[in-house]
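Trainee: I would like a close look at one part of this model, the surroundings of the ligand. Please take me through the contacts and then the wider setting.

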Amino acid sequence: MRLSIGQVHRNVLALASSRSCFVLGDRLSFRLLSQPRAAGFHQTAWHGSQIVEDRGGPLTLASLEVQNRVEYGNKEKMARTGGPKLSSRGSSSLKVKPRVSSLNVKPVKTALPKSSGIKKTLKVDEALFSAKSFEELGLPPLLVDQLNKEGLTAPTEVQSAAIPIIAQKHDVVIQSYTGSGKTLAYLLPILSKIGPLKRPMGQDNSEKRSGIEAVIVAPSRELGMQIVREVEKILGPNDKRLVQQLVGGANRSRQEEALKKNRPIIVVGTPGRISEISAAGKLHTHGCRFLVLDEVDQLLSFNYREDMHRILEHVGRKSGTTSRDILGPIARRSERQTILVSATIPFSVIRAARSWGHDPVLVRAKSVVPLDSITVPRPALSQTDANSSSPSNSVNQAAVGSLPPSLEHYYCTAKAQHKVDTLRRCIHALEAQTVIAFMNNTKPLKDVVFKLEARGIKATELHGDLGKLARSTVLKKFKDGEYRVLVTNELSARGLDVPECDLVVNLDLPTDSTHYAHRAGRTGRLGRKGIVVTICEENEAFVVRKMRKQLTVPIKPCEFTEGELVVHKEEDVE
Ligand SMILES: Nc1ncnc2c1ncn2[C@@H]1O[C@H](COP(=O)(O)OP(=O)(O)OP(=O)(O)O)[C@@H](O)[C@H]1O
């Protein structure tokens, strides 16, 4: 299906021309990071308890997370593209009938339960797309043709900003809200430099290379595999062997054999598996030109420190340099371009990028800013240091601007034992067809699935205790519409792209606003309509209200009665 974006006239900001110099001698040490590596998925990336300071020595990666108070001048406008229709009910409450956006761009059929017979379309928001075409961004014709074949005819705003900047060999931090197309924002400039779709030889002054040219790291198998599929889609069936997945949970020797046999140019994987195979001498990445850390704020958390250290040290290392050289001054730095990506960029990431990067810039949907121009607050040395940024400030600052403007947020209260029933009423009231329900732990997921099924709602569970095959089967069936509700934990909060998802429900409160943002971002992908409902206990409602303040989005109190969503005015509950 092709996009017909039409002539969307938008201001495209002139890219910052000044080249920033970065902080030299800012070194990262992992010496004191000695906790054992946690396996699988990790709940909170930026907890204060995870911070370790290398007193008197160079900064540790973990200690960077203490500093975090960037003022984002261009806070994204909460432009609504199709909000719910409100009608008053009594004097104190509003009855809400969510309606589907009427924008006429690339409708996506929701994956409805096969038996439901209801047809519903979710449409993307054209405001998300740039006025420029892929050709105008300088992508090679072969690549543009392939994108057109896949129905991708117009870049999103963040792609439009990132593609030329990456082509200019800057190191970049890409920050844009969930579902805005960050994956292609880094894949396309990479594929225009390496592989069969790149500019014909002669137009590209880089010499011919062999071996691994790009390493993409993601924190979960699901996200890793999703990125692999995205690369395969663009490379086409004949060249898809040029990308190799190196995710955990899959057979390692088979991955090693594939590396030998297929000689891929791109590897995509999880930190543990990449560093394992690299340490075994089966993955040679010294000549690598691109290193991408997708969901960088999670990847640079304490839990991944050892694996990430290895990856950062080895990928793109010039032969003859030592690890000390790599983290040292610019002249001895690695050749690679480093691309850091997330919807939530805490200041720690900006600081890390400054210390590693070549002319690093922060790319957001409509702006490109040299990292040097961002004010760096100093780290908190003690609890009483009022002028410095605390870890919790860091988390909150990172989440601002991470949510798609098209989302509607609500919360309602229910006793713990009534939450599933509230979920059922919520699904019916909103007529949601593809629902992701989040909980904090693995154990209760099964119980919720059981209760939903008992109430006639097809549901399934997804969590890290399932094997790789079971995980991908569940996900596929959910995407195919065999299940209406996916009950899951933090495993699915980041990066997961199910365009049809029209409702996210928090059955347990997320740990902080960053976690709220990533969970919420599973719906409203690419500007589609999406609703987020948090079901909490009465005495937890203040936490939601606090997150609402931190995220600067309206999260309205509501209830589900008589098959309808009823929105309360704030005075009724406070
Ligand atoms: N230019 C485009 N035209 C049409 N669809 C696009 C375009 N770019 C990306 N998409 C689609 O938009 C969806 C969201 O993209 P993507 O997963 O890259 O978002 P993201 O910003 O990385 O989200 P998250 O922060 O949740 O990881 C995907 O289904 C992707 O295929």
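Mentor: Start with the backbone. In this predicted model, a polar backbone atom of Ala 154 sits 2.8 Å from a nitrogen atom of the ligand. Ser 180 also uses its backbone: a polar atom there is 3.0 Å from a ligand oxygen atom. Gln 159 works through its side chain, with a polar atom 2.8 Å from a nitrogen atom of the ligand. Cover comes next. On its own the ligand has 640 Å² of accessible area, and the protein covers 94% of that.

Now the shell. It holds 23 residues around the ligand. Those that come nearest are Ala 154, Lys 182, Thr 183, Asp 497 and Arg 525. So Ala 154 appears both among these nearest residues and in a backbone polar contact with the ligand. By class, the shell splits into 9 nonpolar, 8 polar and 6 charged residues. Among the secondary-structure elements, helix H3 gives the most, with 3 residues. Helix H3 spans residues 182-191, a range that takes in Lys 182 and Thr 183 from the nearest group.

Step back to the domains. The assignment gives two: domain 1 (126-198 + 210-320 + 331-373) and domain 2 (407-567). The ligand shell draws at least three residues from each of them. The centres of domain 1 and domain 2, taken over C-alpha atoms, are separated by 29 Å. The contact between them takes 21 residues from domain 1 and 19 residues from domain 2.

Next, the record. UniProt, in an unreviewed entry, places "domain: DEAD-box RNA helicase Q" at residues 132-160. The annotation "short sequence motif: Q motif", also from an unreviewed entry, covers residues 132-160. Ala 154 and Gln 159 fall inside that span. Over residues 132-160 the chain is 45% helix and 0% strand. The end C-alpha atoms of that span are 7 Å apart.

UniProt also has "domain: Helicase C-terminal", from an unreviewed entry, at residues 422-566. Asp 497 and Arg 525, from the nearest group, lie in this range. Residues 422-566 are 36% helix and 23% strand. Their end C-alpha atoms lie 13 Å apart.

Methods:
Residues are numbered from 1 along each chain as its sequence is written. This is a predicted model: local features need pLDDT of at least 70, side-chain atom pairs count only at pLDDT 80 or more; totals for chains, interfaces and linings use all residues. Side-chain values use heavy atoms; hydrogens and water are left out. A residue is near a molecule or strand if one of its heavy atoms lies within 4 Å of it. A polar contact is a pair of N or O atoms within 3.5 Å; within protein, one must be able to donate a hydrogen and the other to accept it, and residues adjacent in sequence count only if both atoms are side-chain atoms. Accessible areas come from the Shrake-Rupley method with a 1.4 Å probe; for residues, only the protein chains shown count as cover. Helices (H or I, at least four residues) and strands (E, at least two) are DSSP runs, numbered from the N terminus. Ala, Val, Leu, Ile, Met, Phe, Trp, Tyr, Cys and Pro count as nonpolar, Asp, Glu, Lys and Arg as charged, and the others, Gly among them, as polar. Domain bounds come from an automatic or database domain assignment. UniProt positions are given in the numbering used here, feature names are shortened, and annotations may be inferred rather than shown by experiment. Contact means heavy atoms within 4.5 Å.
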